[in-house]
Amino acid sequence: MFDDLLTANSEYARTFDLRGIPPVAARGFALVTCMDSRIEPLTMLGLHPGDAKILRNAGGRVTPDVIRSLILATRFLDVGEIAVMQHTNCALADQSEAGVHERLNASGATGIDDVAFLAMPDPDGALVADVELLRGCAQLASGTRIEGWRYDVGTGRIDRIVRS
């Protein structure tokens, strides 16, 4: 697989045309979303390379590293609007933290007792909590607008759950 990916990159590099895109978010937007491979952030939102900052992790959760990145994005990279976008049919949705740990232990994972996987027994509640966590972050640039969205992996549609 690695060889195939690096071969594909060689082809990509031959026709590379993104040189010169500035590091700021041209559209002033940042998206926090899940690492789920069914999510195509730029395409689904009509964006292009350079338009937005995209942060991905398991569940599309607001973690300390996401906050760190968004502080930098709002202070240095012209981000003024942020959407936290979680999705339907997520492996962490409708799960308890204990349940996720049990499943991981059953799969042979070890040394995970102190890891918080941020399961979402109440997906909408988790989304609201993540948006509120960002809204309460005094280190984000003043005036940053923040919303919470739910992407439907079955239809491709996005619903606003928490409006700015």
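The following dialogue examines how several terms apply to this predicted model.

Me: Why is R150 called buried, and why is R14 called exposed?
Reply: The label buried requires a relative accessible area under 20%, and exposed requires one over 50%. R150 has a relative accessible area of 10%, so R150 is buried. R14 stands at 60% relative accessibility and therefore counts as exposed.

Me: What makes L5 partly exposed?
Reply: Partly exposed covers the values between under 20% and over 50%. The relative accessible area of L5 is 48%, so L5 belongs to this class. L5 lies in helix 1, residues 2-14. Together with M1 and F2, L5 makes a nonpolar surface patch of about 420 Å².

Me: Why is the contact between R14 and E11 called a salt bridge?
Reply: The term requires a side-chain nitrogen of Lys or Arg within 4 Å of a carboxyl oxygen of Asp or Glu. The closest N and O atoms of R14 and E11 are 2.5 Å apart, so the pair meets the cut-off. Both residues lie in helix 1, 3 residues apart, which is about one turn of the helix. E11, at 40% relative accessibility, counts as partly exposed.

Me: How do you know that E81 and R145 form a salt bridge, and what parts does the pair tie together?
Reply: The N to O distance for E81 and R145 is 2.5 Å, and the cut-off is within 4 Å, so the pair qualifies. E81 lies in strand 3 and R145 in strand 4, so the pair ties together parts that are 64 residues apart in sequence. E81 is partly exposed at 32% relative accessibility, and R145 is partly exposed at 42%.

Me: What makes D124 and R150 a salt bridge as well?
Reply: Their side chains meet at 2.8 Å, N to O, and the limit is within 4 Å, so this pair also satisfies the definition. D124 belongs to helix 5 and R150 to strand 4, so the pair ties together parts that are 26 residues apart in sequence. D124 is partly exposed, at 38% relative accessibility. A search of the whole structure finds 8 salt bridges.

Me: How do you know that strand 3 pairs with strand 1 and with strand 4?
Reply: Two strands pair if there are at least two bridges between them. Strand 1 and strand 3 have 5 bridges, in the parallel sense, and 7 bridges join strand 3 to strand 4, residues 145-151, which also run parallel. Both counts therefore satisfy the requirement of at least two. L31 stands opposite A83 in strand 3, while I146 in strand 4 is the bridge partner of I82.

Me: Why is strand 3 called mostly covered?
Reply: In strand 3, 6 of its 7 residues are buried. I82 is also one of the residues that touch the most other members of the largest nonpolar core, which has 19 residues. Helix 3 supplies the largest share of this core, 4 residues.

Me: What makes the phi of D78 noteworthy, and where is D78 found?
Reply: Most residues other than glycine have a negative phi. D78 has a positive phi of about 65 degrees although it is not a glycine. D78 is found in the loop between helix 3 and strand 3. Its relative accessible area is 51%, and the label exposed begins over 50%, so D78 is exposed.

Key. Residues are numbered from 1 along each chain as its sequence is written. This is a predicted model: local features need pLDDT of at least 70, side-chain atom pairs count only at pLDDT 80 or more; totals for chains, interfaces and linings use all residues. Side-chain values use heavy atoms; hydrogens and water are left out. A nonpolar core is a set of buried Ala, Val, Leu, Ile, Met, Phe, Trp, Tyr and Cys residues joined through side-chain atoms within 4.5 Å. Buried means under 20% relative accessible area, exposed over 50%, partly exposed in between (1.4 Å probe, protein chains only). Helices (H or I, at least four residues) and strands (E, at least two) are DSSP runs, numbered from the N terminus. Patches are made of residues with over 30% relative accessible area and no salt bridge: like charges are joined within 9 Å, nonpolar side chains (Val, Leu, Ile, Met, Phe, Trp, Tyr) within 5 Å. Accessible areas come from the Shrake-Rupley method with a 1.4 Å probe; for residues, only the protein chains shown count as cover.
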